[in-house]
Amino acid sequence: MKLSILDYVPLFEGDTPQEALNHSIELAQLSEKLGYARYWVAEHHQVPSVVSSAPEIVMAMLLEHTHSIHIGSGGVMLPHYSAYKVAEQFKIMEVKHPGRIDMGIGRSPSFKNVNEALNEFKTQKPKLSQQIDDLNKYFTNDTIHSHRFKTLEATPYTEHSPEMFILGMSEQSAELAAKKGLPFVIAHMGQSHANLTHVIQHYKSRFTEYHGHSHSPYIILATFVVTAENELTIKQLVDTLNLWLIRINYLKQPKVYPSIETAQQRHYSERDREKIEKNKRRMISGLPHEVAQQLIQLQNEFEVDEIMILPNVYGHTHRTKLIELIAQACLDN
């Protein structure tokens with residue numbers, strides 16, 4: 001099984017942002033040692049409990065402390081930004097760490113005020129499809145084919161380009177990934193089996209229609225994972241994840257990822273309990289061998305090429321142990 005990691009860089013109760021970043025560096029180093037294929041960091045704005053508002057900056061730090069594992073964005077919300085500037089950022093990382101840079105691309109608008117601030121003074125909203133074409137132009141510095149900035153080149157010059165991936169959960173995103181001939185990363189976030197199957201099959205069939213057998217479709221399935229060495233710890237970690245998941249949807253965002261003690265003291269409303277029950281479908285949890293069986297089942301059932309786990313559990317020790325246990329249970333299968 002090919003396994004990767006998507007890190008939110010959580011800010012745990014009692015920690016500082018610097019400690020959160022240092023822990024992610026340590027986790028990336030360990031992931032490389034254990035044989036994980038990729039280590040990606042998410043982009044979240046106005047979510048104080050995570051320290052990944054600028055994934056390209058976090059990527060640069062991780063790259064400087066690792067040697068071979070692919071480091072990527074999960075993802076860059078490209079419509080907020082200039083494709084030219086983003087190309088420059090990723091080309092600098094590619095020059096320094098050739099062959100290791102992944103660019104996961106998404107289109108989430110984020111919160112209304114975040115969207116307005118990131119797009120301030122823009123006269124029109126860019127189309128993601130056009131921006132991907134722009135990135136290809138800037139990565140290759142193609143000055144021959146027609147483009148609105150035909151003579152413009154992005155520096156530094158690179159022999160190879162970062163590898164691009166499309167992130168999404170909809171048929172629209174699957175269609176875009178297929179049309180552009182790019183790998184597709186889809187999140188297992190509680191949607192129905194039928195919906196997940198439909199989107200994946202749409203990507204595969206349209207990919208073949210667009211590209212024949214010149215190259216193959218590639219799918220990464222991402223999911224929250226919770227495991228530990230005993231069932232009590234697993235329950236505690238699931239409880240903290242559930243508390244975090246329901247609180248980040250409130251207007252008043254939590255300042256930190258809650259501790260086990262905080263989760264134990266929480267009194268839930270009936271509405272909260274309904275959300276927790278619904279969120280069970282967003283995560284894979286259990287003892288390591290049980291999680292391994294569920295991940296293998298997901299891979300086989302949806303015929304995906306790679307599983308990307310989100311080890312978004314409380315505490316440095318628990319996160320470290322989680323990725324160790326998953327590696328032991330899955331990477332030899």
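In which loop is Asn 141 found? Asn 141 belongs to the loop between H5 and E5; the views below are of a predicted model, in which local features need pLDDT of at least 70, side-chain atom pairs count only at pLDDT 80 or more, and totals for chains, interfaces and linings use all residues. Residues are numbered from 1 along each chain as its sequence is written, and side-chain values use heavy atoms, with hydrogens and water left out.

**View 1. Backbone at Asn 141 and Pro 156, in the loop between H5 and E5.** Helices (H or I, at least four residues) and strands (E, at least two) are DSSP runs, numbered from the N terminus. Asn 141 is not a glycine, yet its phi is positive, about 55°. With 12% relative accessibility, Asn 141 counts as buried (buried is under 20% relative accessible area, exposed over 50%, partly exposed in between; 1.4 Å probe, protein chains only). Thr 155 and Pro 156 are joined by a cis peptide bond with omega about 0°. Most residues other than glycine have a negative phi, and most peptide bonds are trans.

**View 2. Backbone at Gln 46.** Gln 46 has a positive phi, near 55°, and sits in the loop between strand E2 (38-41) and helix H2 (55-64). Its relative accessibility is 43%, so Gln 46 counts as partly exposed.

**View 3. The cis peptide bond from Gly 74 to Gly 75.** Omega of this bond is near 5°. Gly 75 is placed in strand E3.

**View 4. The two sides of helix H10 (residues 270-279).** Asp 272, Ile 276 and Asn 279 are the buried residues of H10. They cover an arc of only 65° around the axis, which puts them on the same side of H10; the arc is that of the directions from the helix axis to the C-beta atoms. On the face turned away from the buried side are the exposed residues Glu 270, Arg 271, Glu 274 and Lys 278. Helix H8 (231-247) and strand E8 (283-285) are among the elements that cover the buried residues (contact means heavy atoms within 4.5 Å).

**View 5. The span of residues 13-299.** An unreviewed UniProt entry lists these residues as "domain: Luciferase-like"; UniProt positions are given in the numbering used here, feature names are shortened, and annotations may be inferred rather than shown by experiment. The end C-alpha atoms of the span lie 34 Å apart. Helix makes up 47% of the span and strand 13%.
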